[in-house]
Amino acid sequence: MSEATSGFFGSLLWWLFFMYILLWPQMQYRSLQIARAKLLKRLSEKRGSTVITMIHRQESIGLFGIPFYKFISVEDSEEVLRAIRSAPKDKPIDLIIHTPGGLVLAATQIAKALHDHPAETRVIVPHYAMSGGTLIALAADKIIMDPHAVLGPVDPQLGQYPGPSIVRAVEKKGADKVDDQTLILADVAEKAIKQVRDFVYSILKDRYGEEKAKELAQILTEGRWTHDYPITYEQARELGLHVSTDVPEEVYALMELYKQPMKQRGTVEFMPYTQRGESSK
């Protein structure tokens, strides 16, 4: 083989290797999408429902595997509303949620559309649905949680501060002892709390009755807890929410297809227990 030919094949191999490195993440992601679609179809057929997912986890996509952090956005509301509109009016909807929360506007749109669906609606929470995720869950006829999944308060946040805390700070200090900017923040906070509280009441009253809906709306928006407070399944039941723990096995399998980005060393590993003489499958 001549030196020129050897150089050509060497360059070709390097080029192919570069293309493999470039395209592999996209190919891997496409494979995940196909696997998810098959699982969603199986779950839809099993439950006789339209299955929608809103799962916010890091996903490494692209050449350098840069993680994208997700939250409820206007783009999410557009997609979910489109899915709800296209769902048969006489068939249930199962909405699988895994989210830290996000924009109140987007969460409110999704919650209203879910609430207005004529057939039964169910929100499934395999791990957590905080803040705006809880707002959406409240709009469903049933909330199906893993026994260790959590919901959260829906008190509005203004930047880095909880709305109820801003109002209380002004009340404690006195309106005449705070600056104009703080007074404006308190005014906006009061309006935001009332708006969210009124909305929560509106989506709960037809299923819980007016008095219970008012009570729940008050509890979840008044700033009783920190905004990241985990409302467990047991506590959700004590509050009177319509919750159960019948999470379909397919949902757990689906979550396995939303793995966090690859790291040099995983932070969690486990080995399933097998009895002596029993081979693992």
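**Close-up 1. The exposed and buried residues of helix α5.** Lys172 and Lys173 of α5 are exposed (over 50% relative accessible area, 1.4 Å probe, protein chains only). On the other side of α5 (residues 163-173), Gly163, Pro164, Ile166, Val167 and Val170 are buried (under 20%). Seen down the axis, these buried residues fall within an arc of 165°, taken from the directions from the helix axis to the C-beta atoms, so they line one face of α5. Their packing partners are β9 (157-158), β10 (161-162), α6 (180-208) and α7 (210-221), with contact meaning heavy atoms within 4.5 Å. Just after α5, look for Gly174, which has a positive phi of about 100°. Helices (H or I, at least four residues) and strands (E, at least two) are DSSP runs, numbered from the N terminus.

This is a predicted model: local features need pLDDT of at least 70, side-chain atom pairs need 80 or more, and totals for chains, interfaces and linings use all residues. Residues are numbered from 1 along each chain as its sequence is written, and side-chain values use heavy atoms, leaving out hydrogens and water.

**Close-up 2. Thr121 in strand β5.** Thr121 belongs to β5 (residues 121-125) and is buried, at a relative accessible area of 2%. Leaving aside residues up to four places away in sequence, Thr121 touches Ile93, Leu114, Ala139, Ala140, Asp141 and Lys142.

**Close-up 3. Helix α3 against α6.** The axes of α3 (residues 104-116) and α6, lines fitted to C-alpha atoms over the stretch in contact, lie 11 Å apart at about 15°, on a scale from 0 to 180 degrees between N-to-C directions. The two helices are therefore roughly parallel (under 35 degrees). Val104, Thr108, Ala111, Lys112 and His115 of α3 meet Val196, Phe199, Ser202, Ile203, Asp206 and Arg207 of α6.

Notes
Angles under 35 degrees count as roughly parallel, over 145 as roughly antiparallel, 65 to 115 as roughly perpendicular and the rest as oblique.
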